[in-house]
Amino acid sequence: MIVAIDGPAASGKGTLARRLAAHYGLAHLDSGLLYRAVAHHVSARGGDLHDPSVATEAARALDAATLGDPALRGRHAGEGASIVSAYSGVRAALLDFQRQFAATPPGAVIDGRDIGTVICPQAEVKIFVTASAEERARRRALELTTRGEPVDQAAILDDIRRRDERDMNRSVAPLKAAEDAVTLDTTNLDAEAAFRAALAIVEARAGERRRA
Ligand code: CDP
């Protein structure tokens, strides 16, 4: 089974994807880490994030073994990721890795922006996770505080809005719900409630497929 979880920054899709994967015994891929790693790789070498050829080169050379680097979770890498992820060369270079990950038995839960629309349009279950920008900024601030990073709530909200704008309006693989995705608004749901709602969506889809 392939479960595609897409949605904007800090919507809770990562936590949800991890829990669903553990529940169903599937592998989990946080595809955002790939774009974060590309941005980190470019910045760490003093490269220019605004140069598509430099970023594409970094994406082609990406070593999946480096995805556990904690630096990739920081704000800086996230901001850089949203810049390099708009380049078609970068997206093309990361496509095969994601498709192979999805095709490896027993299947996977993959979270990102274009999993249900571009990477795995054949996914059995697609969930589009959203929450208000204010709630997402609150969650992101909490996450950064826990990690010991300095937090400026207003700057985080700006960051989230800028990222939404960039992700939704780019020409390649923009952030949007697939036509056959179920939207899950987690603004008023805690992690547990969101997980239960997602489980219900997966089970309903599985039931539909059994009847088909
Ligand atoms: O949760 P958050 O948005 O902070 O981080 P993320 O999911 O790691 O994504 C970081 C950035 O990578 C996003 O703003 C997107 O621009 C990009 N991204 C993408 O374009 N496609 C994906 N499948 C995943 C992430």
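This report describes the fold, the enclosed and open spaces, and selected backbone features of a predicted model.

**Overall architecture**

The secondary structure of the protein chain consists of 9 helices and 5 strands. Read from the N terminus, these elements follow the order β-α-β-α-α-α-α-β-α-β-α-α-β-α. The radius of gyration is 17 Å, close to the 17 Å that the globule rule gives for 212 residues, so the chain is as compact as a globular protein of that length. The C-alpha trace spans about 55 × 35 × 30 Å along its principal axes.

Of the 212 residues, 49% count as buried. Among contacts with a separation of 6 or more, 78% are made by residues 24 or more positions apart. The accessible surface of the protein chain amounts to about 10,100 Å², and carbon and sulfur atoms account for 54% of that area.

**Pocket and cavities**

The largest pocket has a volume of about 960 Å³. Its lining comprises 41 residues, of which Ala10, Gly12, Gly14, Arg140 and Glu143 are the closest to the centre. Two or more lining residues come from each of α1 (13–24), α2 (32–44), α4, β3 (108–112), α7, α8 and α9 (191–211). By class, this lining holds 11 nonpolar, 11 polar and 19 charged residues.

A search of the whole structure also finds 2 cavities of 30 Å³ or more. The larger of these contains about 90 Å³ of space. Its lining is formed by 13 residues, and those nearest the centre are Arg36, Arg75, Arg140, Asp159 and Arg163. The elements α4 (75–84), α7 (133–146) and α8 (153–169) each give two or more residues to this lining. The greatest contribution is that of α8, with 4 residues. Charged residues number 8 in the lining of the largest cavity, beside 3 nonpolar and 2 polar residues. Arg140 thus belongs to two descriptions, being listed among the residues closest to the centre of the largest pocket and among those nearest the centre of the largest cavity.

The second largest cavity holds about 40 Å³ of space. It is lined by Ala4, Asp6, Gly116, Lys126, Ile127, Phe128, Lys176, Ala177, Ala178 and Ala181. At least two lining residues are supplied by each of β1 (2–6) and β4 (125–130), and β4 provides the largest share, 3 residues. This lining has 6 nonpolar, 1 polar and 3 charged residues.

The volumes and the classes of lining residues are set out below.

| Space | Volume | Nonpolar | Polar | Charged |
|---|---|---|---|---|
| Largest pocket | about 960 Å³ | 11 residues | 11 residues | 19 residues |
| Largest cavity | about 90 Å³ | 3 residues | 2 residues | 8 residues |
| Second largest cavity | about 40 Å³ | 6 residues | 1 polar residue | 3 residues |

**Backbone features in loops**

Most residues other than glycine have a negative phi, and most peptide bonds are trans. Against this background, three loop positions deserve mention.

Ala10 is not a glycine, yet its phi is positive, at about 60 degrees. This residue is placed in the loop between β1 and α1. Ala10 counts as buried because its relative accessibility is 10%, under the 20% cut-off. Ala10 is also one of the residues closest to the centre of the largest pocket.

Ala173 likewise carries a positive phi, near 45 degrees. It lies in the loop between α8 and β5 (182–185). With a relative accessible area of 14%, Ala173 is buried.

The peptide bond from Pro105 to Pro106 is cis, and its omega is near 5 degrees. Pro106 is located in the loop between α5 and β3.

**A contact between distant positions**

Ala86 occupies the loop between α4 and α5 (88–103). Its relative accessible area of 28% makes Ala86 partly exposed, since that class lies between the 20% and 50% limits. With neighbours within four places in sequence left aside, Ala86 is in contact with Arg170 and Val172. Ala86 and Val172 are 86 residues apart along the chain, while their C-alpha atoms are separated by 6.4 Å.

Notes. Residues numbered from 1 in each chain as written. Predicted model: local features only at pLDDT ≥ 70, side-chain atom pairs only at ≥ 80, totals over all residues. Heavy atoms only, no water. 1 Å grid on protein atoms, 1.4 Å probe; cavity = no way out; pocket = protein on both sides within 12 Å on 5 of 7 lines; lining within 4 Å. Points joined across faces, edges and corners; volume = space filled by probe spheres on them. Nonpolar A, V, L, I, M, F, W, Y, C, P; charged D, E, K, R; others polar. Rg over C-alpha atoms; globule rule 2.2 N^0.38 Å. Buried < 20%, exposed > 50% of the residue type's maximum accessible area, 1.4 Å probe, protein only. Contact = heavy atoms within 4.5 Å. Areas by Shrake-Rupley, 256 points an atom, 1.4 Å probe, with all protein chains shown as cover.
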